[in-house]
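Please look over the sequence and the structure below before reading on. The briefing that follows is meant to be read alongside them, one topic at a time.

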Amino acid sequence: MAQEPRPASFPPSSDQNLHNNDASPQAIARAILDSLRYVQGRLPRIATRNDWYIALALTVRERMLRRWIATLQTILRPDVRVVSYLSAEFLMGPHLGNTIVNLGLLDDTRKAVESLGLDLDDLLAQEEEPGLGNGGLGRLAACYLDSLATLEIPAIGYGIRYEFGIFDQEIRDGWQAETTDKWLRYGNPWEILRPEIAYDVGFGGRTEWVRDAEGRARVRWIPERLVKGIAHDTPVSGYRVGTVGLLRLWKAEACESFDFQAFNLGDYYGAVEEKVASENLTKVLYPNDEPQGGKRLRLEQQYFFVSCSLRDMLRMLLGWGGRLEDFHELFAVQLNDTHPSIAVAELMRLLMDEHGMEWDPAWEMTRRTLAYTNHTLLPEALETWPLPLFASVLPRHLEIIYEINRRFLDEVRLRFPGDEARVARMSIIDEGGERRVRMAHLATVGSHAVNGVAALHTRLLASDVLRDFHELEPTKFLNVTNGVTPRRFLLLANPGLASLITERIGERWVRHTEEELVRLEAFAGDAGFLDAWRRVKRENKERLAALVRERTGIAVDPESLFDVQVKRFHEYKRQHLNVLHIVALYNRLRANPAAELPPRTFVFGGKAAPGYFAAKLIIRLIHGVAEVVNADPLTRDRLRVVFVPDFNVTVGQTIYPAADLSEQISTAGKEASGTGNMKFAMNGALTIGTLDGANVEIREAVGEENFFLFGLNADEVQSLRAGGYDPRRHYQENPELREALDQIAGGRFSRGDARLFRPLVHGLLSRDEYFLLADFASYVACQERVGAGFLERARWDRMSVLNVARVGRFSSDRSIREYAEKIWEVRAIPVEPA
Ligand code: 26Q
């Protein structure tokens with residue numbers, strides 16, 4: 001990388017450098033060199049790969065910013081409604097490749113980079129992804145920003161600029177070990193610091209009653225502590241459109257005033273301590289994908305970013321000459337789960353305490369502005385905060401919540417006289433035991449729309465978790481099934497398949513995915529096409545095999561069936577059911593080496609929350625089974641088990657395109673939607689799955705004959721639970737299951753250690769909360785059909801084509817259109833590309 005790679009044909013001119021508007025390869029190459037020299041102050045001869053990456057990123061960013069300016073000029077009008085997507089997580093993934101593709105600069109950039117003696121894929125690989133999310137929920141927010149920009153809908157994503165994102169995962173002796181994610185280590189060329197866009201956010205303290213100028217009673221909150229939030233902007237391009245969206249993340253810093261105070265008192269160290277304490281607020285993302293404990297800092301993070309964001313919207317409204325009364329006309333605010341649900345109380349506080357509005361109009365506006373998306377049915381994952389903690393962080397907000405609750409429960413009493421049990425169930429304050437604030441109730445009461453993320457999930461939401469609320473206001477509830485962006489997860493991640501598709505049906509599918517991909521059905525019987533389809537899959541599997549080898553040292557056979565499960569580790573997702581099948585298959589192969597089964601490679605990936613022991617033990621079990629299976633000469637050519645460490649968006653982009661089989665095997669009724677299921681299907685993997693989350697709709701879309709279904713459905717799970725479930729019966733009655741569990745418990749996969757996996761096996765035999773044993777036989781039988789199916793390759797490939805052809809509706813563009821029409825009432829505002 002240490003050459004001066006400028007061919008003689010380049011006119012070495014820098015007169016136009018950063019202002020060059022031309023997107024030709026020559027112009028791009030020149031801009032890269034200029035950026036290297038004049039922005040980074042680096043000599044090409046000694047520039048590192050990272051220097052070149054930054055130079056390229058800045059060059060691409062510059063071209064994106066031109067469109068951003070055009071976007072601003074188009075949408076900065078008081079009659080354009082803007083979507084504000086509030087989310088504690090945005091799992092954006094690497095930005096460079098996606099931006100190049102969206103701007104239509106791929107070919108010219110490749111040429112430009114080559115002319116400099118560099119390789120584009122090399123530079124793309126250099127980018128460290130911002131892991132500012134745990135998994136599905138954060139990635140969904142990122143897909144939605146892509147679709148919002150592509151559909152030319154004015155939108156801002158508001159969130160938190162964590163200094164440390166989701167931890168990096170290493171595997172040591174088969175165990176997960178966590179290390180800090182230092183994603184900002186080498187700088188972040190995409191973000192633009194906006195020191196002038198900053199808000200002081202209060203915490204703690206007390207409230208008092210005062211009279212305003214007109215003599216009306218008002219509440220004043222006197223916080224005990226202030227922290228400053230500073231905007232960091234990342235432009236997000238749409239696909240081949242003029243629109244560029246905005247991701248605005250808030251970083252916490254010390255307030256000058258507080259610094260200054262301590263300094264004046266002669267307390268220099270006190271001032272520095274204050275500074276450190278303030279900056280801690282956005283230091284780290286909580287690595288749990290469900291709340292646990294009442295962590296004060298987490299509540300502070302939530303309030304911090306919500307307050308900055310709402311005040312930012314108010315600033316824009318008033319700055320653009322709008323009236324306070326029009327707030328809900330200008331902004332449609334979506335709450336991504338309950339994490340930003342303090343917005344209900346904060347917007348009320350801002351409108352009343354800071355802007356002098358009365359309760360009724362403020363409440364009307366708040367409800368018309370906010371809408372809430374629920375992402376979970378798991379009772380343990382519903383967010384609640386202990387009252388004393390809440391009161392000490394947000395005393396004024398608690399007063400407002402009490403008043404919201406008082407008025408709301410009056411309405412409930414009016415509608416259901418004498419039903420005090422209902423009133424207690426619906427209260428925003430949980431009074432049973434330790435008193436707590438129920439954030440889902442707050443979000444539901446304070447919003448004009450509540451949606452689930454898949455049809456089944458929404459149905460269960462209305463009949464179960466939020467049943468009383470649904471009875472009170474049925475029309476408030478609606479479904480918006482999740483989606484994923486076909487730009488990142490098909491076009492960018494799977495260029496081979498994307499070109500093959502484009503060759504046959506043209507390139508309209510990238511934006512009109514549902515409408516166009518169906519046209520592939522016409523080729524599902526075309527032998528030449530199926531051959532090409534298979535070759536692409538084969539190449540993708542080779543790429544994954546290379547990654548696996550590099551990360552684990554294990555060689556896998558690209559001819560084998562790639563059976564893949566990648567997602568966060570959770571007992572309800574049942575990675576251990578997958579493991580039980582592997583053990584059973586291993587035993588079958590050993591007992592009957594002549595069995596006609598296709599060679600299989602089982603691929604796992606995913607992180608476990610650092611404090612979630614059961615999940616970490618499942619990761620350990622996968623490594624234990626891999627160690628035995630991969631070394632056994634009787635099976636090693638037919639069975640491989642690998643765990644790809646540190647699963648993230650980047651790794652996902654190599655894994656989804658290489659999968660033959662997608663494992664979506666959660667206990668029915670537990671997975672709200674799933675989005676990995678969509679990414680796999682869009683890349684031609686067939687699904688083995690339960691009737692859970694969006695699997696139900698995927699199966700409807702692709703046809704039941706093209707989906708491997710097994711297991712109990714949600715109703716059956718519920719009745720089994722109610723009727724007293726006895727997992728031991730399955731253990732006793734199914735010899736294959738018994739053998740597998742005995743082996744695991746007995747140390748067969750832990751070098752003879754009969755203690756290691758005992759908690760896991762004991763949990764399954766005594767309680768089996770997630771019904772693995774109940775579903776085992778059905779799963780194994782279904783896997784037999786999978787194996788047989790894979791041996792008939794032409795038929796399998798046909799099914800694969802039909803999957804891709806029929807899952808266009810799981811594009812996040814469709815989801816965003818539904819939000820836009822049913823909830824936000826916003827429309828596209830085309831931007832003339834500059
Ligand atoms: C909350 C409070 C305190 C600490 C952590 C949290 C927290 C953080 C992340 C709670 C939940 C999450 C993430 C949840 C999540 O990813 N849910 C998934 O959302 C996807 C998008 O809708 C669905 O497809 C998945 O089914 C759902 O599990």
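The points below go through sheets, helices, cores and a few single residues.

The model is a predicted one. Among its features are an open sheet of nine strands with mixed pairing, an open sheet of six strands with parallel pairing, and a largest nonpolar core of 144 residues.

**The nine-strand sheet**

- Reading across this open sheet, the strands come in the order β5-β8-β9-β2-β1-β10-β11-β15-β16, and the pairing between them is mixed.
- The edges are formed by β5 (192–203) and β16 (477–479), each of which pairs on one side only, and from one strand to the next the twist averages 25°.
- Within the sheet, strand β11 (residues 370–373) and strand β15 (residues 449–452) run parallel and are joined by three bridges; here tyrosine 372 stands opposite valine 450 in β15.
- Helix α2 (residues 49–75) packs on the sheet, where it touches β5, β8 and β9 (244–254), and its direction makes about 100° with that of β9.
- Helix α17 (residues 455–465) lies across β15 and β16, and it runs at about 125° to β15.

**The six-strand sheet**

- This second open sheet has the strand order β19-β18-β17-β20-β21-β22, and its pairing is parallel.
- Because β19 (639–644) and β22 (708–709) stand at the edges with a single partner strand each, one side of each is left without a neighbour in the sheet.
- The parallel pairing of β17 with strand β20 (residues 661–664) extends over two bridges, and the bridge partner of valine 564 is serine 662 in β20.
- Helix α23 lies across β17, β18 (600–605), β19 and β20, running at about 155° to β18, while helix α33 (residues 793–806) packs on the sheet by touching β20, β21 (686–689) and β22, its direction making about 85° with that of β21.

**Two helices and their lengths**

- Helix α2 has 27 residues and reaches 38 Å from its first C-alpha to its last, which is close to the 39 Å expected at 1.5 Å a residue; the helix is mostly covered, with 21 of its 27 residues buried.
- For the 21 residues of helix α14 (residues 395–415), a rise of 1.5 Å a residue gives an expected span of 30 Å, and the end C-alpha atoms are 31 Å apart, so the two values agree.
- The buried residues of α14 include Leu398, Ile401, Asn405, Phe408, Leu409 and Val412. A general point helps in reading such a list: an α-helix has 3.6 residues a turn, so residues three or four places apart point the same way.

**Nonpolar cores**

- In the largest nonpolar core, which has 144 residues, those with the most contacts inside it are Phe304, Phe390 and Trp824; its largest share, eleven residues, comes from helix α9 (residues 296–319).
- Apart from this core lies another, of 68 residues, and among them are Ile665, Ala668, Phe708 and Tyr731.
- Leaving aside its neighbours within four places in sequence, phenylalanine 390 is in contact with residues that include Leu299, Ile342, Trp385, Val437 and Met439, and its contacts also include Pro395, His397, Leu398 and Ile401.

**Single residues to find in the model**

- Lysine 228 lies in strand β8 (residues 225–237), and it counts as buried because its relative accessibility is 12%, under the 20% cut-off. Beyond its neighbours within four places in sequence, its contacts include Asp200, Glu253, Glu256 and Phe304.
- Arginine 574 has a phi near 60°, a positive value in a residue other than glycine, and its place is in the loop between β17 (561–566) and α23 (575–591). At 0% relative accessibility, arginine 574 counts as buried.
- Glutamate 825, in the segment after α34 (812–824), likewise has a positive phi, near 50°, but this residue is exposed, with a relative accessible area of 61%. As background, most residues other than glycine have a negative phi.
- How many disulfides does the count come to? The count comes to zero. Cysteine 143 is buried, with a relative accessible area of 1%, and cysteine 782 is buried too, with a value of 0%.

Conventions:
Residues numbered from 1 in each chain as written. Predicted model: local features only at pLDDT ≥ 70, side-chain atom pairs only at ≥ 80, totals over all residues. Heavy atoms only, no water. Core = buried A, V, L, I, M, F, W, Y, C linked by side-chain atoms within 4.5 Å. Buried < 20%, exposed > 50% of the residue type's maximum accessible area, 1.4 Å probe, protein only. Helix = DSSP H or I, 4+ residues; strand = E, 2+ residues; numbered from the N terminus. Contact = heavy atoms within 4.5 Å. Expected span 1.5 Å × (residues − 1). Disulfide = S-S within 2.5 Å. Pairing = 2+ DSSP bridges. Axes fitted to C-alpha atoms, helices over the stretch in contact; angles between N-to-C directions.
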